[in-house]
Amino acid sequence: MPKAIIIGAGVAGIASAIRLRIKGYDVQVFESNNHPGGKLSVININGYRFDAGPSLFTMPQYVDELFLLAGKNPRQYFNYTKLEVVCNYFYEDGTMISAFSDQEKLAGEIAAKTSDTTESVNRFLKNSARIYSITNHVFLEKSLHKLSTYLNWNTIKSIFQLGKIDSLRTMALANKSFFNDKRTQQFFNRYATYNGSNPYKAPATLNVIPHLEQHYGAYFPDGGMYAITLSLVKLAEEIGVRFNFSSPVEKIEYSNDKVTGVVVGGKTLPADIIVSNMDVWFTYKRLLRNVIAPEKMLKQERSSSALIFYWGISRQFPVLDLHNIFFSNDYEKEFNSIWQEQTVDEDPTIYVNISSKFKPDDAPPGCENWFVMINVPSNSGQDWDDLIAVSRRHIIAKLSRMLNVNLESLITCEEILDPRSIEEKTSSYQGSLYGTSSNNLFAAFLRHANFSSQIKGLYFAGGSVHPGGGIPLALLSAKIVSDLIN
Ligand code: FAD
């Protein structure tokens with residue numbers, strides 16, 4: 001049986017392992033941490049459970065697909081609930097917009113709370129759907145680096161329509177043309193942060209993201225986000241994938257430009273196929289030291305990172321939902337601080353995720369588990385200890401003001417994750433959440449391919465390579481790798 005070795009048990013690593021096992025490979029996964037999941041993992045403190053990284057679950061069909069491929073019923077492993085309200089948005093002027101998953105209700109809500117109309121929302125979402133229908137075949141589901149992709153009829157059709165994907169203006173400019181009200185513009189500009197980008201720089205093609213959330217929906221997995229990791233590991237083990245935890249890969253071995261194996265704990269283990277789920281930057285810098293790295297690709301601007309406070313909160317807030325956003329007053333200034341000044345704004349937009357709203361045992365009775373996150377630049381040596389202390393004060397002041405409470409007095413326990421610890425825990429270069437940013441027109445083409453053009457048998461899957469970051473795209477990268485191995 002041919003042997004495949006997967007480096008990393010992030011979601012794309014596990015998905016690659018499942019796909020290759022189904023193809024008949026003998027598959028082993030080596031993971032540095034003592035647990036699977038990478039960014040998609042869990043933290044427990046003082047009776048509170050927190051999903052450590054991702055909290056918004058979209059495109060669940062890509063998870064289900066893995067169970068179906070293995071001939072299993074996904075619902076026997078993993079279930080999820082569709083959210084009626086995806087997120088509550090709070091503005092400093094007192095406006096609160098609920099992002100209903102139903103398009104008619106969302107349009108009605110925006111028309112009721114802002115000076116924009118249902119027609120503008122519907123026109124905008126129709127445009128988002130059109131961008132998706134043109135781009136998904138070209139940019140999401142296939143390798144951009146193989147000639148065969150461009151010889152496919154769906155791709156050719158899409159290429160002829162590329163003029164319609166709104167790539168020549170920024171997302172912020174496009175959204176100004178759809179909406180008059182600054183609150184609606186801010187609402188839709190925020191979608192750029194779903195892949196760690198800047199709406200004032202990223203092409204308006206990213207307006208595809210609201211379509212994915214609106215049309216396909218957002219979900220809460222039973223058991224929380226970590227259930228995605230656990231159920232996929234269960235499936236992988238059942239079909240014969242072997243996991244090795246606390247086992248960092250030290251080197252990728254090759255000979256005559258073809259992979260031969262990996263080095264783990266000083267020992268060489270043979271492999272016919274290697275899939276690196278490790279950030280591609282570190283794969284070159286740590287595991288392939290003798291290979292000439294594609295520096296231009298590796299130097300692409302990284303996506304933003306995050307500063308997260310995991311807080312046990314000693315009371316409940318009926319006004320809050322699973323996902324909540326507290327907007328900054330000046331969004332453009334906030335993004336300037338992050339991207340131009342490479343620092344944290346004094347009035348950051350704050351995201352509060354409370355999984356105990358759906359899974360009450362995530363917090364002790366009468367309490368809530370708050371995952372409080374702000375967008376920050378990736379790590380380029382900033383004084384994070386200072387930025388964390390200052391941001392903590394700003395966040396507590398803003399949330400206390402907007403919720404009319406003394407928040408500090410309600411925090412019973414705390415853990416903090418910052419760009420340095422994100423890099424340390426998941427080997428994500430500079431702690432970026434989504435690999436490289438999508439802040440320019442060519443970003444999609446400058447992301448690393450899913451295969452090595454120098455070493456046969458070496459593949460790459462995960463948020464740092466094509467088609468990009470976020471759980472759905474990381475899962476698609478595993479599908480592309482598996483298709484390439486055909
Ligand atoms: P990663 O999760 O990056 O895992 C890579 C794994 O490889 C790690 O386990 C690491 O330990 C291991 N590894 C590295 N080097 C080695 C080595 N040498 N040997 C062995 N193992 C190694 N996405 C969403 O869809 N929705 C969200 O709401 C969302 N929010 C996010 C919030 C935060 C705070 C973060 C951090 C991310 C968020 N994301 C979100 C992004 C999403 O988590 C990632 O895109 C996705 O989980 C990346 O998966 P991956 O397969 O690329 O691997």
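I count a residue as near the ligand if one of its heavy atoms lies within 4 Å of it. Worth jotting down before anything else: this is a predicted model.

**Ligand shell**

I pulled the residues around the ligand and got 32 of them, the closest being Ala12, Glu31, Lys39, Gly463 and Gly470. Sorting the shell by type gave me 14 nonpolar, 15 polar and three charged residues.

Next I went through backbone polar contacts to the ligand. Gly463 puts a polar backbone atom 2.7 Å from a ligand oxygen. For Gly38, I find a backbone N or O atom 3.5 Å from an oxygen atom of the ligand. Val249 pairs with a nitrogen instead: one of its backbone N or O atoms sits 2.9 Å from a nitrogen atom of the ligand.

Then I checked cover. On its own the ligand has 1,000 Å² of accessible area, and the protein covers 95% of that. I also asked which elements give two or more residues to the shell, and got α1 (11–22), α15 (419–426) and α17 (471–485).

**Leu288**

I looked up Leu288 and found it in the loop between α11 (280–287) and α12 (295–298). Buried or exposed? Leu288 has a relative accessible area of 2%, so I put it down as buried, the cut-off being under 20%.

What does Leu288 touch, leaving aside neighbours within four places in sequence? I listed Ile252, Tyr254, Thr283, Ile455 and Leu458. I also took a C-alpha to C-alpha distance from Leu288 to Lys142: 25 Å in space, with their positions 146 residues apart in sequence.

**Helix α13**

I scanned α13 (residues 331–339) for buried positions and noted Tyr331, Glu334, Phe335, Ser337, Ile338 and Trp339. An α-helix has 3.6 residues a turn, so residues three or four places apart point the same way. The buried residues of α13 pack against α8 (182–189) and β18 (368–376).

At the N-terminal end of α13 I found a cap: Asp330 has a side-chain oxygen 3.4 Å from the backbone nitrogen of Glu332.

**Cysteines**

How many disulfides? My count came to zero. Cys367 is in no disulfide, and I get 9.1 Å to the nearest cysteine sulfur, that of Cys413. I also looked at burial: Cys367 is buried at 13% relative accessibility, and Cys87 is buried too, at 3%.

Notes:
Residues numbered from 1 in each chain as written. Predicted model: local features only at pLDDT ≥ 70, side-chain atom pairs only at ≥ 80, totals over all residues. Heavy atoms only, no water. Helix = DSSP H or I, 4+ residues; strand = E, 2+ residues; numbered from the N terminus. Buried < 20%, exposed > 50% of the residue type's maximum accessible area, 1.4 Å probe, protein only. Contact = heavy atoms within 4.5 Å. Polar contact = N/O pair within 3.5 Å; in protein donor to acceptor, adjacent residues only side chain to side chain. Disulfide = S-S within 2.5 Å. Areas by Shrake-Rupley, 256 points an atom, 1.4 Å probe, with all protein chains shown as cover. Nonpolar A, V, L, I, M, F, W, Y, C, P; charged D, E, K, R; others polar.
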